[in-house]
Each structure stands twice: as structure tokens, then as C-alpha cells.
Amino acid sequence: MDISGKILQLLPLQTGQGKNGQWKKQEFILETADTYPKKVCIAVWGDKIDMSGVTPGAQVTVSFDVESREFNGRWYTDVKAWKIVAGSKAGGSTPASEPAPTFHNAPGGADDDLPF
């Protein structure tokens, strides 16, 4: 999935030691440019993504996966980025410039029209 918007805030870098070794996570808040803007907290794990274009105020498009896990009877959901493209047009998860579909009557007379 993809989402576009403006970076509002970079959260502090988190690091730790797990059973598979050292880990680090960077989270940031993205605001969409939809009619009703939404704020989304997105996480970047490890060194997989170039974070050079991720600065407050930057317009980006983020490709991400949503993942949930259960711990002690509670569910936790993460939005994990796997690609960030800086300088992209903001606009949310769907293009706003896409024209609305147009419908035309089928050939035939008025007797062929459906009542609904």
C-alpha cells in the first residue's frame, strides 16, 4: 500500500537488544492532504530505508505494510515502511486528479430504460 503526505514530526530513534541482535526503529508522523487530513504514525526498522529525505515539512510517498500481533491477550498494530520516496506529490492514498467516471445511455429507445 502507498500513502502520500507531509512529514509533521520525527519521533526519537529507539534502539535495543533482542534475541537476534541489535535493533533500531525510527518513527515519524505523516499527514495526508485529503479533504479531511489524517495523521499516521509510520515506523522504519533497521537500515533498510534511506531516511535522508525524511525531514519535517518534506513531501513524501511511503510504501508500507500493516501488521498486527498479539501479546498477553491484546493486539498491537504497526504500520511498517519498506520504501520512502522524497519530494513526491502529497495527496493521500488515492490520486485526487483522477476524473470521475462518465456513464452514457445504452443505444436504444426510451422503452429500454430501466425504472431505477
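**Entry 1: the strand 5 and strand 6 hairpin**

I began with F71 and looked up its bridge partner, which is R74 in strand 6. The model I am reading is a predicted one. I then counted the bridges that join strand 5 to strand 6 and found 12. The two strands run antiparallel. Between them the hairpin has two residues. I checked the backbone here and noted that N72 takes a positive phi near 55 degrees.

**Entry 2: salt bridges**

How many salt bridges does a search of the whole structure find? I recorded three. In general, side chains of opposite charge can pair when their charged atoms come close.

I took K80 and E67 to start. They form a salt bridge, and their closest N and O atoms are 3.6 Å apart. K80 lies in strand 6 (residues 74-86), while E67 lies in strand 5 (residues 59-71). The two residues are 13 residues apart, and I noted that the pair links distant parts of the chain.

Next I looked up D78, which forms a salt bridge with R69. The closest N and O atoms of this pair are 2.9 Å apart.

I also examined E27 and K25, whose side chains meet in a salt bridge at 3.4 Å, N to O.

**Entry 3: burial of the paired residues**

Are E27 and K25 buried or exposed? I found both E27 and K25 buried.

For K80 I read a relative accessible area of 22%. K80 is therefore partly exposed, as buried requires a value under 20%. E67, at 40% relative accessibility, also counts as partly exposed.

In the pair of D78 and R69 I found two classes. D78 has 16% relative accessibility and counts as buried because this value is under 20%. R69 has 43% relative accessibility and counts as partly exposed because exposed requires a value over 50%.

**Entry 4: the chain as a whole**

I then turned to the secondary structure of the protein chain, which comes to zero helices and six strands. From the N terminus on, I read the elements as β-β-β-β-β-β.

What share of the 116 residues in the protein chain is buried? I noted 26%. The protein chain exposes about 8700 Å², and carbon and sulfur atoms supply 54% of that area.

Lastly, I looked up the contacts between residues at least 6 apart in sequence. Of these contacts in the protein chain, 50% join residues at least 24 apart.

How values were computed:
Residues are numbered from 1 along each chain as its sequence is written. This is a predicted model: local features need pLDDT of at least 70, side-chain atom pairs count only at pLDDT 80 or more; totals for chains, interfaces and linings use all residues. Side-chain values use heavy atoms; hydrogens and water are left out. A salt bridge is a side-chain nitrogen of Lys or Arg within 4 Å of a carboxyl oxygen of Asp or Glu. Buried means under 20% relative accessible area, exposed over 50%, partly exposed in between (1.4 Å probe, protein chains only). Helices (H or I, at least four residues) and strands (E, at least two) are DSSP runs, numbered from the N terminus. Two strands pair if DSSP finds at least two bridges between them. Contact means heavy atoms within 4.5 Å. Accessible areas come from the Shrake-Rupley method with a 1.4 Å probe; for residues, only the protein chains shown count as cover.
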